[in-house]
Structure formats: structure tokens, C-alpha cells
Amino acid sequence: MHDVIPVLVDEDRTFSRQLKLFTSFWDGVSSEQNIASVFIIDKMGILRYKYIGQMTEDRPDIDFLLDVVEDLD
């Protein structure tokens, strides 16, 4: 059984702009978009995992992310 994992939805892109995770230009294409990112922060507020990137080939899958969360306990 897993604890609830909070997910931030940044509809107005306020947070993503502050973290520089929003762009209007990527890889030769002009398009407003958030840069795909995953942050896992432990109960003490320490960043334990970070992924930032647009390439779908290297994005972590859910099983990997759940393993990271389980290893925090």
C-alpha cells in the first residue's frame, strides 16, 4: 500500500516559469510548452530524484518511480 503521492498541476505555468521549465522554443520548433519533469522529494524536503527532458525515450516509467519512492522508506 502506497501513501498518497501529491501531484502539482501548474495550469497557469507560474511554477514552471519560476523553475525555467517552460519554453516557447524547443529543438527548432516554436511552441509554448512545459518541459517534462519529475521531482521526488522526501518527507524531510530533500530532493531525492529529478528528471528534466523532452525525449520520450529516457523518461522514467511508473514502476521505476514507484521503486524510488519505496526506497525512501
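Is Lys20 buried or exposed? Lys20 is exposed, with a relative accessible area of 68%. Keep in mind that this is a predicted model, so everything below describes a prediction. Here's a quick tour, starting with a buried acid and moving on to charge pairs, backbone oddities and a nonpolar patch.

**Asp10, a buried acid**

- Asp10 sits in the segment before α1, the helix that covers residues 14-18.
- What is the nearest side chain of opposite charge to Asp10? That would be Arg13, 7.0 Å away, and Asp10 has no salt bridge even though it is buried.
- A salt bridge needs a side-chain nitrogen of Lys or Arg within 4 Å of a carboxyl oxygen, so at 7.0 Å Arg13 doesn't qualify as a partner for Asp10.
- Asp10 does reach backbone atoms, though: a polar atom of its side chain lies 3.1 Å from the backbone nitrogen of Thr14.
- The Asp10 side chain also gets to the backbone nitrogen of Ser16, at 2.6 Å.
- If you skip the neighbours within four places in sequence, Asp10 touches Phe15 and Ser16.

**Charge pairs**

- Side chains of opposite charge can pair when their charged atoms come close.
- How many salt bridges are there? The count comes to two.
- One of them joins the side chains of Glu32 and Arg13, at 3.7 Å from N to O. Glu32 belongs to strand β2 (residues 29-34) while Arg13 is in the segment before α1, so this pair ties together parts that are 19 residues apart in sequence.
- Glu32 counts as exposed, at 53% relative accessibility, whereas Arg13 counts as partly exposed, at 24%.
- Asp42 and Arg48 form a salt bridge too, with their side chains meeting at 2.8 Å, N to O.
- In that pair, Asp42 is buried, with a relative accessible area of 15%, and Arg48 is partly exposed at 48%.

**Backbone oddities**

- Most residues other than glycine have a negative phi.
- Arg13 goes the other way: it isn't a glycine, yet its phi is positive, at about 65°. You'll find Arg13 in the segment before α1.
- Lys20 isn't a glycine either, and its phi is positive at about 60°.
- Where is Lys20? Look in the loop between α1 and β1, the strand covering residues 22-26.

**A nonpolar patch on the surface**

- Which residues form the nonpolar patch on the surface? They are Leu8, Phe15, Leu19, Phe39, Ile41, Leu47 and Ile52.
- Together, these residues have about 650 Å² of accessible area.
- Two strands, β3 (37-41) and β4 (47-52), each supply at least two residues of the patch.
- Phe15, one of the patch residues, is found in helix α1. Its relative accessibility is 40%, so it counts as partly exposed.
- Phe15 also links back to the first topic, since Asp10 is in contact with it.

**Pro6, out in the open**

- Like Asp10, Pro6 is found in the segment before α1.
- Pro6 is exposed, with a relative accessible area of 72%.
- How far apart are the C-alpha atoms of Pro6 and Phe22? They are separated by 21 Å, and the two residues are 16 residues apart along the chain.

Notes: Residues are numbered from 1 along each chain as its sequence is written. This is a predicted model: local features need pLDDT of at least 70, side-chain atom pairs count only at pLDDT 80 or more; totals for chains, interfaces and linings use all residues. Side-chain values use heavy atoms; hydrogens and water are left out. Helices (H or I, at least four residues) and strands (E, at least two) are DSSP runs, numbered from the N terminus. Buried means under 20% relative accessible area, exposed over 50%, partly exposed in between (1.4 Å probe, protein chains only). Lys and Arg count as positive and Asp and Glu as negative; His and the chain ends are not counted. A polar contact is a pair of N or O atoms within 3.5 Å; within protein, one must be able to donate a hydrogen and the other to accept it, and residues adjacent in sequence count only if both atoms are side-chain atoms. Contact means heavy atoms within 4.5 Å. Patches are made of residues with over 30% relative accessible area and no salt bridge: like charges are joined within 9 Å, nonpolar side chains (Val, Leu, Ile, Met, Phe, Trp, Tyr) within 5 Å. Accessible areas come from the Shrake-Rupley method with a 1.4 Å probe; for residues, only the protein chains shown count as cover.
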